[in-house]
Amino acid sequence: MSTSARLVSFPIGPDPAPRLDKALARDVPEGESLSRSRLARLIEGGAVSVNGTVVTDARARLSEGDLIEITVEEAAEVETRPEAIALDILHEDDDLIVVNKPAGMVVHPAPGTPGGTLVNALLHHFGGNLSGVGGEKRPGIVHRIDKDTSGLLVVAKSDRAHHGLADQFAAHSVEREYVALCHGVPNPADPRLRGVRGVSFEEGGVMKITTHLGRHKTDRQRQAVVFSGGRHAVTRVRVEESFAGVVSRVSCRLETGRTHQIRVHMAHVGHALIGDPVYGGRRKVAEKVLGREPAEALNGFNRQALHAASLGFVHPVSGEMMRFDADLPKDMAGLLHLLRDTGL
């Protein structure tokens, strides 16, 4: 599997001397078609040098005349194998597709999961006709949801759609709302919550969680809340239903979209998601409150109870505002049915 790269070089323009990320977005030659989000990944990946020195700090200050060199990996021929996997398609046109991903499906191939992914299914559906901007393993992919999270994803079929969608995600203008089941009730009246760093409350009882997220110090597969370094992350949470103070159905709106963001934020405030194997700890629901059947179902739920239910964005080619909704999958809907039947 061969890859190639090109070197993009240019000087930084006149003052005011900007940060590296802002300087690249401002001064990169227009014909290179590098979006803000792509530039951010290139910085983070060590592909950007300033006056011959690799710089990975997006906030590094620059001066007029500094020479920027960016090593851009070209999209290689897609060799990931197309697979005839059924897709739940909500919308499709010449530039993009919106799909409802089932829990258990990985979005794109990676070590350990070379097949059975959404990308494999999409390549079969389109006969390989996906945007090459994402590279050979991630054609068309502009955002992800975790393997065991279900719900909505938009995928780019054309390069122009890929760049336009990536810019919207980078600007945090895409509307994303998730439905989750969590332990306890994130009640604005709870004095404990008001003492949690990064928590504030907005009109309508909405809890706003504002932190940075970074790699866990001892487990590189996990994310952790940090307040220096890391990446800015904002989640808004509203309680929609609660059951005996033990479990809640909440809506979570993403302002940013970091890895595991909702799962980490909910654990940070003491309301980890039901079934979360990584951030949920060993917390269990007691039978004496809800009854045996609901408690067993909740405690035996084998994935994080999280579903990407709503997605809204501006079509990157037509300019039309588009919004999509996906019903809860059967496993989460079944949990809610049991909880509602308790009458608590």
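Reader: What makes Glu 177 count as buried in this structure?

Author: Happy to explain, with the reminder that this is a predicted model. Glu 177 has a relative accessible area of 17%, and buried means under 20%, so Glu 177 is buried.

Reader: How do you know that Glu 177 and Arg 253 meet in a salt bridge?

Author: Their closest approach, N to O, is 2.7 Å. The cut-off is within 4 Å, so the pair qualifies as a salt bridge. Glu 177 sits in strand S8 (residues 175–183) and Arg 253 in strand S13 (residues 247–254), so this contact ties together parts 76 residues apart in sequence.

Reader: And why is Arg 253 called partly exposed?

Author: Its relative accessible area is 35%. Partly exposed lies between under 20% and over 50%, so Arg 253 fits that class.

Reader: Which residues are linked with this pair in a network of salt bridges?

Author: Glu 177 and Arg 253 share a network with Arg 238 and Glu 240. The side chains of Arg 238 and Glu 240 meet at 2.6 Å, N to O. Arg 238 is partly exposed at 31%, and Glu 240 is partly exposed at 33%.

Reader: Why is there no disulfide between Cys 182 and Cys 252?

Author: The sulfur of Cys 182 is 7.6 Å from the closest cysteine sulfur, in Cys 252. A disulfide needs the sulfur atoms within 2.5 Å, so this pair is too far for a bond. The count for the structure is 0 disulfides. Both cysteines are buried: Cys 182 has 0% relative accessibility, and Cys 252 also has 0%.

How values were computed
Residues numbered from 1 in each chain as written. Predicted model: local features only at pLDDT ≥ 70, side-chain atom pairs only at ≥ 80, totals over all residues. Heavy atoms only, no water. Buried < 20%, exposed > 50% of the residue type's maximum accessible area, 1.4 Å probe, protein only. Helix = DSSP H or I, 4+ residues; strand = E, 2+ residues; numbered from the N terminus.
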